[in-house]
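Dear colleague,

Please find below the structure I promised to hand over, followed by an account of what was found in it.

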Amino acid sequence: MINKISFKLFGVALAGSLALTSCIQEFEPQSGTVTGEQASNAPGAYDNFVNAITSNISGKFVFSGSNYQQPNDFGYSALYLRRDVMGQDIVAFNNNWFSTSYQCGVGLAPIYLYSQYFWTFYYTQINSCNTVLELAGENPDDSKIAGVGIAHTMRAWWYLELSQTFAQKPYAIDRESLTVPIIREHLDLSSATNNPRATNEVMFAFILEDLDKAETELANYTRPNKYTPDLSVVYGLKARTYLLMENWANAEKYAKLAQQGYTMMTGAQYTDRVNGFNNANSNNAWIMACTFKSDDPTITYNDGDSSWGTWMICEFPGGPSGLGYFNAYGGANYMDRHLYETIPSTDIRKKCFVDFSLDEMSSEEEIVEALSEYSDVPENVYLTGLAQDAFGGMPLKFRSAGGNHTDNQVGYCVDVPMMRVEEMMLIEAEAAGMQDLTRGQQLLTSFATERDPSFVYGQHNEAYNNTSTPAFRNEIWWQRRVELWGEGHATFDIKRLQKGIIRSYAGTNHVDGYRWNTTTPPDWMNICIIQTESNYNGAIINNPTPIPPDGNSPEYKW
């Protein structure tokens, strides 16, 4: 199965044929391929291929297929957790399905399925983009321009994340650091089998080339929903790209453009018990989202236990007869205790995580009463906490769909943010401050006071075992860690800022045996390329297989 996937992805254009991905099986002939002429002549075919670019981002089993559905295989948002438990801000309790990343397990070696997930997901999505670009041709007519723009946008998105996932050094540190092979449309077999990893410099030029095209192609496009990219998403991706390049002027410019038409989530929206971080249309802050639908395989299979909600929503009945991994099975993802304790009590975001004082309470009645400050179903949350043997740090940021706490196959049908205006505001502030510190501080303070009216600049400048980052950027980093917690940015930021991680400290809630401290980004954040790819592509130079530290680190002194 693995070999077949790898070959299909890189044999994109063989003898004039287009390889089909599973997302468009309704067009697949018995041979498994369809010519460009056949595809373009099928009624509505082009639009269906375009829709497939975004309709299969979440809710489908990416790698495990029909006979082996894994609870950590549910599409794009699963990557958030696979990456971010590698750091310090998310604690993977009780040997859960993301613990391979958290524990730097042997599964991160290139011969194992776990590390192959990244490669398979991203290149499957890229293949969908390339298919649309091939069908549109070199000179697409007006009816195909928007589809081409969507393909260029999403291909740039995936390559931007691939480069951060596999490169050992970020662009601003080492432009020659190797990312991944670039697969364009019309790639022939001889090129695919001798296609080296692009350097950061080559990769980022390619990403910007796609985004420049998309900026023109989507200039007059009105999208049907927030699950599809439009011009604001293109601007947001340019802001992310220029931030990584430390091209501060352009990062600021495009972050400001991406904000047009959007407004920051209010405190009430951020902590909404019915629509909190589950509905792209309940606020004007989300720029793009992915979604889980009631007929998605990851929802219909095994009571939805292979979905985002099973890991991030803790308000369903808990305990042995409960629903979902978070609530019933003792496998959950909590906030790091130190990060929680740095959030002032006046900051609205602190209400999204349970206070550690509940772990010191002795009676059920007392704990349930305290949990009523966070949830409309505190009894459920109480049983969930018992399943984890911990209450402090439990997240209530992500709520069930429509506030449904009884049917997880309904409650798990949520939207998950992919890009928010708040991220763009923080990129603008960081980029501005790296050009003019006073201006950056003003933008940061304006942002932060919306979350914490008592905010005082300078209170979050902790070096985190690394003194190379200016104090201003530490302040920005702290805001990003809290504001975007659980949204897939944490590990990318650690690598971008060349931070270490701190898991071992007095009072830590990190799992014993994995309380590691490092002064630089740990090696396990550089994902290995799957062995099947190097078998087919002789130009591949792989990342080293990471080796976990031996035992807990000495406690860090804050």
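Which residues make the nonpolar surface patch of about 310 Å²? The patch is made by Val 106, Ile 111 and Tyr 112. Please keep in mind throughout that this is a predicted model. Val 106 sits in the loop that runs between α5 (99-102) and α6 (113-136). Its relative accessibility is 65%, and Val 106 therefore counts as exposed.

Salt bridges come next. As a general point, side chains of opposite charge can pair when their charged atoms come close. A search of the whole structure finds 31 salt bridges. One of them joins Lys 60 to Asp 296, with 3.2 Å between the closest N and O atoms. Lys 60 belongs to the loop between α3 and α4 (76-84), and Asp 296 to the loop between β5 and α13 (297-300), so this pair ties together parts that are 236 residues apart in sequence. The two partners are covered as follows: Lys 60 is partly exposed, with a relative accessible area of 23%, while Asp 296 is buried, at 1%.

Glu 483, in helix α22 (residues 471-483), deserves your attention for its two partners described here. With Arg 349 it forms a salt bridge in which the closest N and O atoms are 3.0 Å apart. Arg 349 lies in the loop between α16 (337-341) and α17 (364-371), so the pair ties together parts 134 residues apart in sequence. Glu 483 also forms a salt bridge with Arg 451, where the closest N and O atoms are 2.9 Å apart. Arg 451 is in helix α21 (residues 437-451), so here the parts tied together are 32 residues apart in sequence. Arg 349 and Glu 483 are both buried, and Arg 451 is buried as well. These three residues belong to a network of salt bridges that links Asp 347, Arg 349, Lys 397, Arg 420, Glu 422, Arg 451, Glu 483 and Glu 487.

I turn now to the empty space. The second largest pocket has a volume of about 390 Å³. Its lining consists of 22 residues, and those nearest its centre are Asn 51, Thr 54, Pro 224, Asn 225 and Thr 228. At least two lining residues come from each of α3 (45-55), α7 (142-166) and β5 (286-291), and α3 gives the largest share, 6 residues. By class, the lining of this pocket has 10 nonpolar, 9 polar and 3 charged residues.

There are also 6 cavities of 30 Å³ or more. The largest cavity has a volume of about 220 Å³. It is lined by 19 residues, with Gln 164, Arg 240, Glu 423, His 489 and Phe 492 closest to its centre. Two or more lining residues are given by each of α4, α7, α10 (231-245), α20 (421-433) and α23 (490-497). The lining of the largest cavity comprises 8 nonpolar, 3 polar and 8 charged residues.

The second largest cavity holds about 120 Å³ of space. Among the residues lining it are Ser 163, Gln 164, Asn 200, Phe 204, Phe 492, Lys 495 and Arg 496. The elements α7, α9 (200-217) and α23 each give two or more residues to this lining, and the largest share, 3 residues, comes from α23. The lining of the second largest cavity divides into 6 nonpolar, 3 polar and 3 charged residues.

With kind regards

Methods:
Residues numbered from 1 in each chain as written. Predicted model: local features only at pLDDT ≥ 70, side-chain atom pairs only at ≥ 80, totals over all residues. Heavy atoms only, no water. Patch = residues over 30% accessible without salt bridge, like charges linked within 9 Å, V, L, I, M, F, W, Y side chains within 5 Å. Areas by Shrake-Rupley, 256 points an atom, 1.4 Å probe, with all protein chains shown as cover. Salt bridge = Lys/Arg side-chain N within 4 Å of Asp/Glu carboxyl O. Helix = DSSP H or I, 4+ residues; strand = E, 2+ residues; numbered from the N terminus. Buried < 20%, exposed > 50% of the residue type's maximum accessible area, 1.4 Å probe, protein only. 1 Å grid on protein atoms, 1.4 Å probe; cavity = no way out; pocket = protein on both sides within 12 Å on 5 of 7 lines; lining within 4 Å. Points joined across faces, edges and corners; volume = space filled by probe spheres on them. Nonpolar A, V, L, I, M, F, W, Y, C, P; charged D, E, K, R; others polar.
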